[in-house]
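Visitor: I would like to know how the terms used for a structure are justified. Please take them in turn.

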Amino acid sequence: MPFIDLRSDTVTKPSLEMRRAIFNAEVGDDVFEEDPTVNQLEKLSAELFEKEKALFVSSGTQANLISVLCQCNRGEEYIAGQNAHVYKWEGGGCAVLGSVQPQPIQVEKDGTLHLDNIQKHIKPWDVHFTKTKLLALENTMWGKVLPMDYLAKARALADKNHLKMHLDGARVFNAAIALEVPVSAISKYFDTVSFCLSKGLGAPVGSLLCGSAATIEKARHLRKMLGGGMRQAGVLAAAGLYALQNNINRLAEDHINAFHLANELRKIPGLNECLEANTNIVLLRVGPERQQDLLQHLKTHNILALGNEGLVRFVTHLDINESDIDKTIHVIKQYFRNHLI
Ligand SMILES: *Cc1c(COP(=O)(O)O)cnc(C)c1O
């Protein structure tokens, strides 16, 4: 029996139609900028995000790294959340490969970085300090959508302090769908935006970095330097194009599934207090011991979730349907019938 895999929206597999698009892809050498499918994907991405140019890269990690390296010189710094992907989950790449120092700061309950706290950490010119150059935000942040008026205020603060802004938009389409706005309404506050094709959009590989023509020219050079210049990458870009053309609006179904899961779990005595649900991510704060035990119980019923520091995480995506969610609800209810929270 196949697993119901709720660990992450990265586990999606290309659909038959997507595989057909891959099969039929026209290709060329993308290092010579001659792959028509890659060029088409980059053009469509730039249009969607209303930036001058976009660059197809191997992963979200690479997109974030290139963005930071484009906007910070050696020894300079960027501000990011304490558990932001671009700080905590990328192997220290900005420091290792760019000699760029992170300035991590606390993430608030709503996923934002407090504006006063950002201001406090921007270094004034002083012989002791490095130069703060970039503010990196993440949207969605563990499923949480950053409020639009917050983005406007963050931009004003960045401008006042001569900072550039990068958006780690691995799941920015989830944010846009939740807000019922086009992604360009979000991206307009940022100098650069990265987004993942390989999460909820359902493509097997790839991310894009969008920004000004000058930034993307620099990014293309950095991508080559990092070993990310790919040749007949159109076979991958075709999947990404298919995803952008077909899989954006359906993200709303993932949100409905996540909220349905959350609403049913809230009915279990004691669970309401330790449950959080935003866009396509449901978090259950059950503590480290219960976490292991619950994950094991789920696994014996062919359901996979992710455990992290006492949290159990369920992520909905296009390979999860309503009946998978109903089965998951049933199995969790069964668990808590025998185990008090
Ligand atoms: C998944 C993710 C990335 C990129 O991950 P890759 O596996 O490198 O593609 C970046 N930022 C956030 C917030 C993510 O969730």
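Visitor: What makes the pair formed by Asp 168 and a nitrogen atom of the ligand a polar contact?

Guide: A polar contact is a pair of N or O atoms within 3.5 Å; within protein, one must be able to donate a hydrogen and the other to accept it, and residues adjacent in sequence count only if both atoms are side-chain atoms. A polar side-chain atom of Asp 168 is 2.6 Å from the ligand nitrogen, so the pair qualifies. An N or O atom in the side chain of Thr 61 is also 2.6 Å from a ligand oxygen, and for Lys 199 the distance to an oxygen atom of the ligand is 2.5 Å. The protein buries 81% of the 380 Å² that the ligand exposes when taken alone (Shrake-Rupley method, 1.4 Å probe; for residues, only the protein chains shown count as cover).

Visitor: Where do these values come from?

Guide: The model is predicted: local features need pLDDT of at least 70, side-chain atom pairs count only at pLDDT 80 or more, and totals for chains, interfaces and linings use all residues. Residues are numbered from 1 along each chain as its sequence is written, and side-chain values use heavy atoms, without hydrogens and water.

Visitor: Which residues surround the ligand?

Guide: Among them are Ser 59, His 85, Glu 138 and Cys 196, where near means that a heavy atom of the residue lies within 4 Å. Helix 3 (residues 60–71) gives the largest share of this shell, 3 residues. Helices (H or I, at least four residues) and strands (E, at least two) are DSSP runs, numbered from the N terminus.

Visitor: How do helix 2 and helix 11 pack?

Guide: Helix 2 (residues 36–49) and helix 11 (residues 234–246) meet at about 35 degrees, with axes 8 Å apart. Axes are lines fitted to C-alpha atoms, for helices over the stretch in contact, and angles run from 0 to 180 degrees between N-to-C directions.

Visitor: Which unusual peptide bond involves Thr 140?

Guide: A cis bond, with omega about 5 degrees, joins Asn 139 and Thr 140. Thr 140 is in the loop between strand 5 (132–138) and helix 7 (148–160).
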